[in-house]
Structure formats: structure tokens, C-alpha cells
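Here's a quick tour of one protein chain, written for someone who likes to check things against the coordinates. Have the viewer open as you read.

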Amino acid sequence: MNRPKFIVDCMGGNIAKKLRIMGFDTEFWLDASDAFLIERSYHEHMLLVTRDRGLYLRVSKSSTKGLLLPDEDEVKNLVFILERCDIKHINPVPNLNTRCTICNGNIKKLDKTRLSNPIPKKVYEKINAIYECSKCSKVYWEGTHVENINKLIDNINRLLGR
Ligand SMILES: [Zn+2]
């Protein structure tokens, strides 16, 4: 299966960020009409992710595909999405599939001596791999920067592996 792409409505900002860092092409719209989201989802082959029952009902009557998030809990929602897409495992981040959490840009691996944005000196001395968003230049690195997200991913992988 191709890597799924997602379009997330205004209630799913945190979900969108997590999907991006896990490596999924994910659009997030704060202020878009149901009709726009459905159209865009259909034309760009993106799964429409929402917690809005009304929107989901419209999706299910349209030609596009969507997922209605079942829970308040972020981990449960992410596991739900990944299971529906038949994804069994998520790699630790950042990696070369990671998308920028801010702008959904692709990230590229950087030689740390060529950083355009300075990072704290202590961090700089410790890390090997640095990644930079090719659109907005936000910088990502291994270790403490993404520690909590990798804990979340461990948790999700355990649940996916049940
Ligand atoms: Zn970016």
C-alpha cells in the first residue's frame, strides 16, 4: 500500500502534527468549509480525518474517504488511524520520511556545521544527525528534542502489535 496522505479538519491540530512527524503527508485546515475539505480530499486522494460527526456523515455520502476519530484520547485516535491504514509499525523520529510539524514540508539531513538556525551549544555538541525543513527551515534532531514523541511512538507500536 502507498503511504496514506491525510487532510485534517480544525479539531485535529495535534493529530496532524503527530502524523507529520511520523512521516505522513498531512494537510491541516483551521478554517475550511466541509465542502472544501471533501473536494480537496477527493482530488488529492487524502483521507479526511475528523471528529465532527456532521462532516463525517457528509464524507460517507460523498465519493471521498474519511475517518471519524472515535475518542478524546490522542494515542487511541492515532492507533485507530494507523490500523485503518494497515500500518503495523512507526519508526523513531526524526527520519527522512518525517514531515515538518509546522508546515508539512519535507525535511533533509544536514551537516550540523551548515545549520542556518543556531541551536543550543550543549545540544550541538551531543547530536549527530540534524534535519531541517526544506520550506520553513525548522530544525529537528535526535534525542531530547523528540524524546516524548518517540515515547508516544513506542506506545503506539505496542498497541499496533497486539
Ligand atoms: Zn517547515
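What follows goes from the overall build to the sheet and then to the cores.

## Overall build

First things first: this is a predicted model. The protein chain has 6 helices and 7 strands, and from the N terminus on they run β-α-β-α-β-α-β-α-β-α-β-β-α.

As for dimensions, the C-alpha trace spans about 55 × 35 × 30 Å along its principal axes. The radius of gyration is 17 Å, which agrees with the value near 15 Å for a compact globule of 162 residues. Buried residues make up 32% of the chain. Among contacts with a separation of 6 or more, 55% join residues 24 or more positions apart.

## The three-stranded sheet

One open sheet has 3 strands in the order 5-6-7, paired antiparallel. Its edges are strand 5 (107-110) and strand 7 (139-141), each pairing on one side only. On average, neighbouring strands here are turned by 30° against each other, direction ignored.

Strand 5 and strand 6 (residues 130-133) pair over 4 bridges. For a spot to zoom in on, try Lys 108, which stands opposite Glu 132 in strand 6.

## Two nonpolar cores

The largest nonpolar core holds 28 residues, and Phe 6, Val 8, Met 22, Leu 48 and Val 49 touch the most other members. Elements giving two or more residues to this core include strand 1 (5-8), strand 3 (46-50) and helix 6 (147-160). Not counting residues up to four places away in sequence, Phe 6 touches Leu 19, Phe 24, Thr 26, Met 46, Leu 47 and Val 49.

There's also a second, separate core of 8 residues, including Cys 100, Ile 107, Ile 130 and Tyr 131.

Conventions
Residues are numbered from 1 along each chain as its sequence is written. This is a predicted model: local features need pLDDT of at least 70, side-chain atom pairs count only at pLDDT 80 or more; totals for chains, interfaces and linings use all residues. Two strands pair if DSSP finds at least two bridges between them. Axes are lines fitted to C-alpha atoms, for helices over the stretch in contact, and angles run from 0 to 180 degrees between N-to-C directions. A nonpolar core is a set of buried Ala, Val, Leu, Ile, Met, Phe, Trp, Tyr and Cys residues joined through C-beta atoms within 7 Å. A residue is buried if 20 or more other C-beta atoms lie within 10 Å of its own, exposed if 12 or fewer, and partly exposed in between; C-beta atoms are placed from the backbone. Two residues are in contact if their C-beta atoms, placed from the backbone, lie within 7 Å. The radius of gyration is taken over C-alpha atoms; the globule rule is 2.2 Å times the number of residues to the power 0.38.
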